[in-house]
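Reader: Hi! I have a new model open on my screen and would love some company while I look around. Could you walk me through it?
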Amino acid sequence: MDKKTQLLVGPTVLPSKVKEAMGHDAYSHRSLYYKETQHRVTEGLKKIFGTKNDVLLLTTSGTGAMEAVIQNVFMPGDEVIIPINGVFGELFYNVAKGYDLKIIRIDFEYGYEVDENKVLEAITTETKGILMIHNESSTGIMNDVKNLGLALKDSDVLLIVDSVSGAGGIELNMDDWNIDVLFTASQKALMSPPGLAFVSLSDKAWAAVDRVNNPKYLFNFKRDREYAQRDLTVHTPATHTLLAVDAALAMIVTEGLENVIQRHTDNATLLRRELKKLGFELFAKNEKYASSTLTSVFSKDNAGYYVKELAKENIMIGGGKNPLKTDTFRIGTMGYVYRNDVMACIETLKRIVTR
Ligand SMILES: *Cc1c(COP(=O)(O)O)cnc(C)c1O
């Protein structure tokens, strides 16, 4: 049997309905058909984000959304706090540095969660924003953006959250948790190919956008919002990725968002329990913060071996991300992954470790 079981960390598995949706003819991004599709997709994403705010659709990857947010919400010299507990936090830092923000960086040892108290303590009278990763995909840690957001109630500080590998698989309540900017991308828990990113801003964040006069052209949120309110984008969007996301969101609605989120939790819990039984060490130091969209496993200098041996048996997982490349491997439970996929991975790992 050579059917592959895919437990990927992004881009993730494409369900057949998603692949079929992309087999569509070319179509105009000014057509009614397009507008109706964009409308459904943004309405669906509002539910996943837990927001009443508009959702902008950007044709770019997750990093492009990071950059667009920094460009539109902050000006050079603005003070921001960036907690870093993995490679994607580091990426956010590097993007922000490129725009000359005044950055207070707070480092946490990889494998640990961001301690929101340390972040709160770092706020000064000058702080304009906190830039953070919801689900740190390099280490498999879910940071507690909820607690941080709740603590920021009535504060002027903007909370900017990257949920590229969370949205669609992990609970989000942008409005209730006081998240001011939330973004994700199409190719992780949203079960679609790369090509689209989605960003939503609170009223407080829109007020910040009004203040900013950075030079920019492609991603101009004010203009993007004018178009979004007519279910359009300014320039040509990734029309077929949009069809994919539309199909994926329909699948999420059919299964029920709460059930989808529960499935992610259950699969990751099962996976961690079985990995520990096999003697593996989880990279997440506090299991309470272990991600439900991916699990990082620590295997000093030997992680590549498991990736390769599993691949030989048609179980596809993710390798580690530098600087964790040789010491960790990552098993995705994000998007279109079910219990039987997790069990197939576990059974195969069991054979590998006991032979
Ligand atoms: C995948 C990912 C990104 C960015 O991804 P792109 O490769 O630019 O799409 C950003 N943040 C997190 C947490 C991610 O998992």
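Author: Happy to! One helix to start with is α10, which gives five residues to the lining of the largest pocket, the largest share. Please keep in mind that this is a predicted model.

Reader: Good to know. What is the volume of the largest pocket?

Author: The largest pocket comes to about 390 Å³. Two elements each give two or more residues to its lining, namely α6 (145-151) and α10 (257-277).

Reader: And which residues lie nearest the centre of the largest pocket?

Author: Those are His134, Met142, Asn143, Ile170 and Glu171, out of 19 lining residues. Sorted by class, the lining of the largest pocket holds eight nonpolar, five polar and six charged residues.

Reader: Nice. What about the second largest pocket, which residues lie nearest its centre?

Author: Lys3, Lys4, Thr5, Gln6 and Asp341 lie nearest the centre there, and the lining has eleven residues. The second largest pocket has a volume of about 290 Å³. Its lining is made up of four nonpolar, three polar and four charged residues.

Reader: How many cavities of 30 Å³ or more turn up in the whole structure?

Author: The search finds one. The space in this largest cavity is about 40 Å³.

Reader: Which residues line the largest cavity?

Author: Its lining consists of Thr139, Gly140, Arg272, Leu282, Phe283, Ala284, Ala290, Thr295 and Ser296. By class, that makes four nonpolar, four polar and one charged.

Reader: Changing topic to helices. Which residues of α8 are buried?

Author: Helix α8 spans residues 221-228, and its buried residues are Phe221, Arg223, Asp224 and Ala228. Looking down the axis of α8, these buried residues fall within an arc of 160°, so they line one face of the helix.

Reader: What covers the buried residues of α8?

Author: The cover includes the helices α2 (32-49), α3 (62-73) and α7 (203-211), along with the strands β2 (55-58) and β10 (197-201).

Reader: Got it. Now I've clicked on Ser165. Where is Ser165 found?

Author: Ser165 is in the loop between β8 and β9.

Reader: A loop residue, then. Is Ser165 buried or exposed?

Author: Buried: Ser165 has a relative accessible area of 1%, and the cut-off for buried is under 20%. The residues that Ser165 touches, not counting those up to four places away in sequence, are Asn135, Ser137, Lys188, Thr293 and Met334.

Reader: With which side chain does Ser165 make a polar contact?

Author: With that of Asn135: the two side chains make a polar contact at 2.8 Å.

Reader: Let's try Asp176. Where does Asp176 lie, and is Asp176 buried or exposed?

Author: Asp176 lies in the loop between β8 (158-162) and β9 (181-185). With 55% relative accessibility, Asp176 counts as exposed, since the cut-off for that is over 50%.

Reader: Thanks! Next up is Leu152. Where does Leu152 lie?

Author: Leu152 is in the loop between α6 and β8. Leu152 counts as buried, at 4% relative accessibility.

Reader: What is Leu152 in contact with?

Author: Leaving aside neighbours within four places in sequence, Leu152 contacts Leu120, Ile123, Ile130, Val157 and Leu159. Leu120 is 32 residues from Leu152 along the chain, and their C-alpha atoms are separated by 8.3 Å.

Reader: Now for backbone oddities. Which peptide bonds are worth a look?

Author: Try the one from Gly10 to Pro11, which is cis with omega near -5°. Pro11 sits in the loop between β1 (5-6) and α1 (16-21). The peptide bond from Asn322 to Pro323 is cis too, with omega near 5°. You'll find Pro323 in the loop between β14 (318-319) and β15 (328-332).

Reader: I also noticed Asp100. What is the phi of Asp100?

Author: Asp100 has a positive phi of about 55°, although it is not a glycine. Asp100 is in the loop between α4 (87-98) and β4 (102-107), and Asp100 is exposed, with a relative accessible area of 55%.

Reader: And what is the phi of Asp231?

Author: Asp231 has a positive phi of about 60° and is not a glycine. The loop between α8 and α9 (239-255) is the place of Asp231. At 17% relative accessibility, Asp231 counts as buried.

Reader: Lovely, thanks for the tour!

Conventions: Residues are numbered from 1 along each chain as its sequence is written. This is a predicted model: local features need pLDDT of at least 70, side-chain atom pairs count only at pLDDT 80 or more; totals for chains, interfaces and linings use all residues. Side-chain values use heavy atoms; hydrogens and water are left out. On a 1 Å grid over the protein atoms alone, a cavity is a set of points where a 1.4 Å probe fits but cannot get out, and a pocket is an open set with protein on both sides within 12 Å along at least five of seven lines; lining residues have an atom within 4 Å of a point. Grid points are joined across faces, edges and corners, and a volume is the space filled by probe spheres set on the points. Ala, Val, Leu, Ile, Met, Phe, Trp, Tyr, Cys and Pro count as nonpolar, Asp, Glu, Lys and Arg as charged, and the others, Gly among them, as polar. Buried means under 20% relative accessible area, exposed over 50%, partly exposed in between (1.4 Å probe, protein chains only). Helices (H or I, at least four residues) and strands (E, at least two) are DSSP runs, numbered from the N terminus. The arc is that of the directions from the helix axis to the C-beta atoms. Contact means heavy atoms within 4.5 Å. A polar contact is a pair of N or O atoms within 3.5 Å; within protein, one must be able to donate a hydrogen and the other to accept it, and residues adjacent in sequence count only if both atoms are side-chain atoms.
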